[in-house]
Amino acid sequence: MTQVLLLGDSHIAHFYWQSRMPSYKVTNCGVPEATAADLLASLSNIKQEVAHADVIMIMVGTNDVLSGNLEFISTLKKILVQLNHDFPTAEVLVNSLFPMHLAELPQYTITNLNSHIEAFAMQTGCCFLDTYQRFSTTDQPVFLEDGIHITEAAYELWARALLEHIAFLIEND
């Protein structure tokens with residue numbers, strides 16, 4: 001059975017991924033309020049707990065953006081390098097930031113950060129999962145009132161996108 005490891009913040013932690021992915025064994029290591037630095041610091045513990053993964057998806061950076069740390073991108077690159085070292089046979093997917101609507105943050109900030117995330121994904125041999133685009137073009141409500149956390153409909157859209165990527169990766173292995 002394909003092993004899927006999910007890493008990140010509350011967007012990962014607050015969803016029961018296994019029910020949306022019954023054909024896979026899902027390990028959810030999402031931690032509410034996690035930053036990229038928190039995830040990097042936790043990788044050695046995760047490696048001790050999770051011996052093998054076929055697919056790893058990372059969703060981190062939202063809490064960095066919310067705290068004003070737009071330099072988290074360099075930490076994300078370190079995470080990708082470490083995951084490629086710790087799980088050399090795994091396919092690593094890096095999720096884009098969501099199109100959050102924050103009054104204090106110009107919208108182009110998220111698109112610029114996503115461009116850097118995509119570039120680092122490519123540089124490290126990882127895949128980029130562009131949920132920003134999917135969330136921006138759907139007619140369904142994506143965000144809860146806080147403009148940060150996502151609706152059940154958004155989780156369904158995200159889970160479908162993830163499943164499509166996993167199916168593609170497994171088919172082309």
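**A five-stranded parallel sheet and its surroundings**

In this predicted model, the side chains of Ser-10 and His-149 are joined by a polar contact of 3.3 Å. Ser-10 lies in helix 1, which covers residues 10-13. Its relative accessible area is 7%, so Ser-10 counts as buried, the cut-off being under 20%. Beyond its neighbours within four places in sequence, Ser-10 is in contact with Val-31, Pro-32, Glu-33, His-149 and Tyr-155. His-149 therefore appears both in the polar contact with Ser-10 and in the list of residues that surround this buried serine.

A second buried site is found at Thr-151. This residue sits in the loop between helix 7 (131-137) and helix 8 (152-171). Thr-151 has a relative accessible area of 13% and is therefore buried. With residues up to four places away in sequence left out, Thr-151 touches Pro-141, Val-142, Phe-143 and Leu-144. Pro-141 is 10 residues from Thr-151 along the chain. The C-alpha atoms of these two residues are separated by 6.9 Å.

The sheet was examined next. It is open and has five strands, in the order 2-1-3-4-5. The pairing is parallel. Strands of a sheet pair through backbone hydrogen bonds, and the pairing can be parallel or antiparallel. Strand 2 and strand 5 (127-129) form the edges of this sheet, each pairing on one side only. On average, neighbouring strands are turned by 20 degrees against each other, with direction ignored. Helix 3 packs on the sheet. It touches strand 1, strand 2 and strand 3, and its direction makes about 150 degrees with that of strand 1.

Strand 1 spans residues 3-8. Five of its six residues are buried, so the strand is largely enclosed by the rest of the structure. In the strand order, strand 1 stands between strand 2 and strand 3. Six bridges join strand 1 to strand 2 (residues 25-30), and the two run parallel. Within this pair, Leu-5 stands opposite Thr-27. Leu-6 has Asn-28 as its bridge partner in strand 2. Strand 1 also pairs with strand 3 (residues 55-59), in the parallel sense and over five bridges. Here Leu-7 is partnered by Ile-58. Gly-8 is partnered by Met-59.

Strand 3 is mostly covered, with five of its five residues buried. Val-55, Met-57 and Met-59 point one way from the strand. Ile-56 and Ile-58 point the other way. Strand 3 pairs with strand 4 (residues 91-95) in the parallel sense, over four bridges. One of the facing positions in this pair is Ile-56, which stands opposite Val-92.

Strand 4 also holds Val-94. The relative accessible area of Val-94 is 1%, so this residue is buried. Its contacts, not counting residues up to four places away in sequence, are Ile-58, Leu-76, Leu-80, Ile-117, Ala-121, Cys-126, Cys-127, Phe-128 and Leu-129. Ile-58 is a residue of strand 3 that is itself buried. Val-94 and Asp-130 are 36 residues apart in sequence. From C-alpha to C-alpha, they are 8.6 Å apart in space.

Helix 3 covers residues 36-49 and has 14 residues. From its first C-alpha to its last, it reaches 19 Å. This is close to the 20 Å expected at 1.5 Å a residue. The helix bends by about 45 degrees at Leu-43. Leu-43 is also one of its buried residues, together with Ala-36, Leu-39 and Ile-46. The elements that cover these buried residues include strand 1, strand 2 and strand 3. Helix 4 (62-66) and helix 5 (72-86) are also among them.

Key: Residues are numbered from 1 along each chain as its sequence is written. This is a predicted model: local features need pLDDT of at least 70, side-chain atom pairs count only at pLDDT 80 or more; totals for chains, interfaces and linings use all residues. Side-chain values use heavy atoms; hydrogens and water are left out. Buried means under 20% relative accessible area, exposed over 50%, partly exposed in between (1.4 Å probe, protein chains only). Two strands pair if DSSP finds at least two bridges between them. The expected span of a helix is 1.5 Å times one less than its number of residues. The bend at a residue is the angle between axes fitted to the seven residues ending there and the seven starting there. Contact means heavy atoms within 4.5 Å. A polar contact is a pair of N or O atoms within 3.5 Å; within protein, one must be able to donate a hydrogen and the other to accept it, and residues adjacent in sequence count only if both atoms are side-chain atoms. Axes are lines fitted to C-alpha atoms, for helices over the stretch in contact, and angles run from 0 to 180 degrees between N-to-C directions.
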